[in-house]
Amino acid sequence: MNDKYAPHIEELAKALDGIDHDDIKIELDKLIRFRVPLEEAKRTVLNKFSSKEAPEIKIKDISNAPKSFTLKGRITSVEKRNFVLKGETVDLYSGKILDETGVCLFTAWNDFCLNEGDIIRVHHAYMKLWNNRPELNFGQRSIVEKLPEDPSIPRTEQLFTQTKKIIEINSSDLLVSSQGIVTEMYHRDVTVKGKDTTIIEGVIADETGKLPFTSWVPMDGVDIGNAISFKAAHVRIFRGIPSLNFTHETSWELLPDNKCPFSKNKIMTHEPTSIPIASVLEKDGLFDAVVTGNIISVRPGSGLIERCPVCNRVVQNNVCRAHGTVEGVKDMRVKAILDDGTGAVYIMLNRELSETIYGRSMDEAENIIKLSLSKDAVYESMKRSLIGTYLTVRGNSSKSEFGTTIVARSVWVPEDDLLSRLESLLLKLPEDV
């Protein structure tokens with residue numbers, strides 16, 4: 001067999017742990033000689049040597065699923081997406097699948113010709129956590145079998161809707177029902193699959209918290225300050241933060257004042273108060289969080305930067321990792337660490353907020369570089385000016401493998417009594433200090 005197939009044999013051997021390389025090579029060679037396409041040949045070899053069929057599970061058990069399993073369900077939605085991987089555009093297919101026990105997200109890394117409403121049995125599937133959600137994955141080794149209609153499998157996800165307070169909605173939810181006050185609301189024109197559509201975006205809040213929402217259907221009669229009750233809203237996760245999506249499957253109604261379970265005025269006029277950073281660190285993401293602390297470090301990457309005009313990513317030497325060589329657009333930012341004694345978070349400030357707390361405009365920062373002949377001059381100046389600054393930051397937090405970051409919407413120096421803060425700190429010290 002030609003050496004060009006060696007990487008494919010190695011890939012199969014890795015997937016078929018315990019099967020001899022020579023046996024895999026013989027089977028693959030046999031199929032290739034009969035002009036079976038390579039990908040189909042690999043799938044056939046995988047199927048032949050997978051002597052023990054993976055156990056079949058239900059969606060309710062997917063969180064504790066074995067390494068490889070079989071699952072039967074109905075596709076309720078599917079869409080094709082693409083992303084750039086190592087400079088190449090890769091297609092994947094994602095959506096939702098349900099059975100009689102629950103509903104979950106799935107990602108297929110090959111085109112299995114899935115359609116909405118299909119009932120399938122997928123062999124050699126596996127589970128991955130994404131935004132703390134268990135997600136069904138169809139990989140290179142997976143085999144998808146299309147089945148005839150089965151009335152025992154539901155057609156709608158609404159069967160699995162939970163009723164929760166706003167603060168209780170998290171990354172494990174797919175569909176929820178709740179009540180709240182619309183505190184922000186505006187319309188936006190978007191293009192979806194080549195069609196111009198007007199969507200409604202805003203914020204909904206109850207006495208426990210607030211979340212952003214997007215409605216893909218008209219909400220006639222709803223305005224800022226109205227209380228609504230909704231059922232079967234889809235929960236999406238972006239950077240750890242849940243958001244509510246109202247679709248044709250979502251039902252809602254206006255709540256009259258005598259049926260509203262909380263005070264409209266209190267929610268509409270409430271400004272979020274500062275919370276300990278430790279509380280932010282406990283969450284995968286928080287919407288509209290406020291924290292107060294001292295800047296203990298200004299991180300590299302602060303100062304004057306250039307962004308890609310297409311995707312807004314930071315570029316180095318006019319090269320964007322997604323779009324190649326571009327003409328960078330000048331910008332300024334501050335990346336810093338804020339600490340309040342209970343924990344520390346990264347904070348990201350855009351140009352406007354950076355100019356506010358740094359006390360210099362972007363034009364002035366450019367002059368600093370021209371006079372010093374050093375591209376790091378603004379970064380060094382920011383360190384001298386900002387480290388130790390006592391600051392309140394308001395924005396959305398998200399958690400990654402590198403830590404928790406708050407992307408600031410606003411910042412200000414709190415009007416705290418310095419003496420009171422010193423007394424509070426002294427009370428926390430041991431008596432023998």
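This is a chat between a trainee and a mentor about a predicted model.

Trainee: Before we start, what should I keep in mind about this model?

Mentor: It is a predicted model, in which local features need pLDDT of at least 70 and side-chain atom pairs count only at pLDDT 80 or more, while totals for chains, interfaces and linings use all residues. Residues are numbered from 1 along each chain as its sequence is written, and side-chain values use heavy atoms, with hydrogens and water left out.

Trainee: Okay, let's take strand E15: how many of its residues are buried?

Mentor: Strand E15 covers residues 285-298, and 12 of its 14 residues are buried. Strands here are DSSP runs of at least two residues marked E, and helices are runs of H or I with at least four residues, both numbered from the N terminus. Buried means under 20% relative accessible area, exposed means over 50%, and partly exposed is in between, using a 1.4 Å probe and protein chains only.

Trainee: And which strands does E15 pair with?

Mentor: One of them is strand E21 (residues 390-400), which runs antiparallel to E15 and is joined to E15 by 8 bridges, with threonine 292 standing opposite threonine 392 of E21. Strand E19 (residues 329-339) also runs antiparallel to E15 and is joined to E15 by 4 bridges, and there asparagine 294 stands opposite aspartate 339. Two strands count as paired if DSSP finds at least two bridges between them.

Trainee: Switching to rings, how many aromatic pairs are there?

Mentor: The structure holds 4 aromatic pairs. Rings of Phe, Tyr and Trp (its six-membered ring) pair if their centres lie within 6.5 Å, and planes under 30 degrees apart count as stacked, over 60 as edge-to-face and the rest as tilted. Among these pairs is the one between phenylalanine 106 and phenylalanine 138, which is stacked, at 5.5 Å centre to centre with 5 degrees between the planes.

Trainee: Where in the chain do phenylalanine 106 and phenylalanine 138 lie?

Mentor: Phenylalanine 106 lies in strand E4 (residues 103-108) and phenylalanine 138 in strand E6 (residues 133-138), so the pair ties together parts that are 32 residues apart in sequence. Both phenylalanine 106 and phenylalanine 138 are buried.

Trainee: What about phenylalanine 112 and phenylalanine 138, how are those rings arranged?

Mentor: Phenylalanine 112 and phenylalanine 138 form an edge-to-face pair, 5.9 Å centre to centre and with 75 degrees between the planes. Because phenylalanine 112 lies in the loop between E4 and strand E5 (119-130) while phenylalanine 138 is in strand E6, this pair ties together parts that are 26 residues apart in sequence. Phenylalanine 112 and phenylalanine 138 are both buried, and Phe106, Phe112 and Phe138 form one aromatic cluster.

Trainee: New topic: how many disulfides did the search find?

Mentor: The search of the whole structure finds 0 disulfides, a disulfide being a pair of cysteine sulfur atoms within 2.5 Å.

Trainee: Why is cysteine 308 not bonded to cysteine 311?

Mentor: The sulfur of cysteine 311 is the closest cysteine sulfur to that of cysteine 308, but the two are 3.7 Å apart, which is too far for a bond. Cysteine 308 is buried, with a relative accessible area of 2%. Cysteine 320 is in no disulfide either, and its nearest cysteine sulfur, that of cysteine 311, is 3.6 Å away. Cysteine 320 counts as buried at 2% relative accessibility.

Trainee: Last one, how many salt bridges does the structure hold?

Mentor: The structure holds 24 salt bridges, each being a side-chain nitrogen of Lys or Arg within 4 Å of a carboxyl oxygen of Asp or Glu. One of them joins the side chains of lysine 80 and aspartate 91 (3.5 Å, N to O). Lysine 80 lies in strand E2 (residues 69-85) and aspartate 91 in strand E3 (residues 88-98), so the pair ties together parts that are 11 residues apart in sequence.

Trainee: Is lysine 80 buried or exposed?

Mentor: Lysine 80 is exposed, with a relative accessible area of 52%, whereas aspartate 91 counts as partly exposed at 33%.

Trainee: Which residue does aspartate 288 of E15 meet in a salt bridge?

Mentor: The side chain of aspartate 288 meets that of arginine 409 in a salt bridge (3.3 Å, N to O). The pair links distant parts of the chain, with aspartate 288 in strand E15 and arginine 409 in strand E22 (residues 403-412), 121 residues apart. Aspartate 288 is buried, with a relative accessible area of 7%, while arginine 409 counts as partly exposed at 47%. Salt bridges that share partners join Lys210, Glu271, Asp288, Arg394 and Arg409 into one network.
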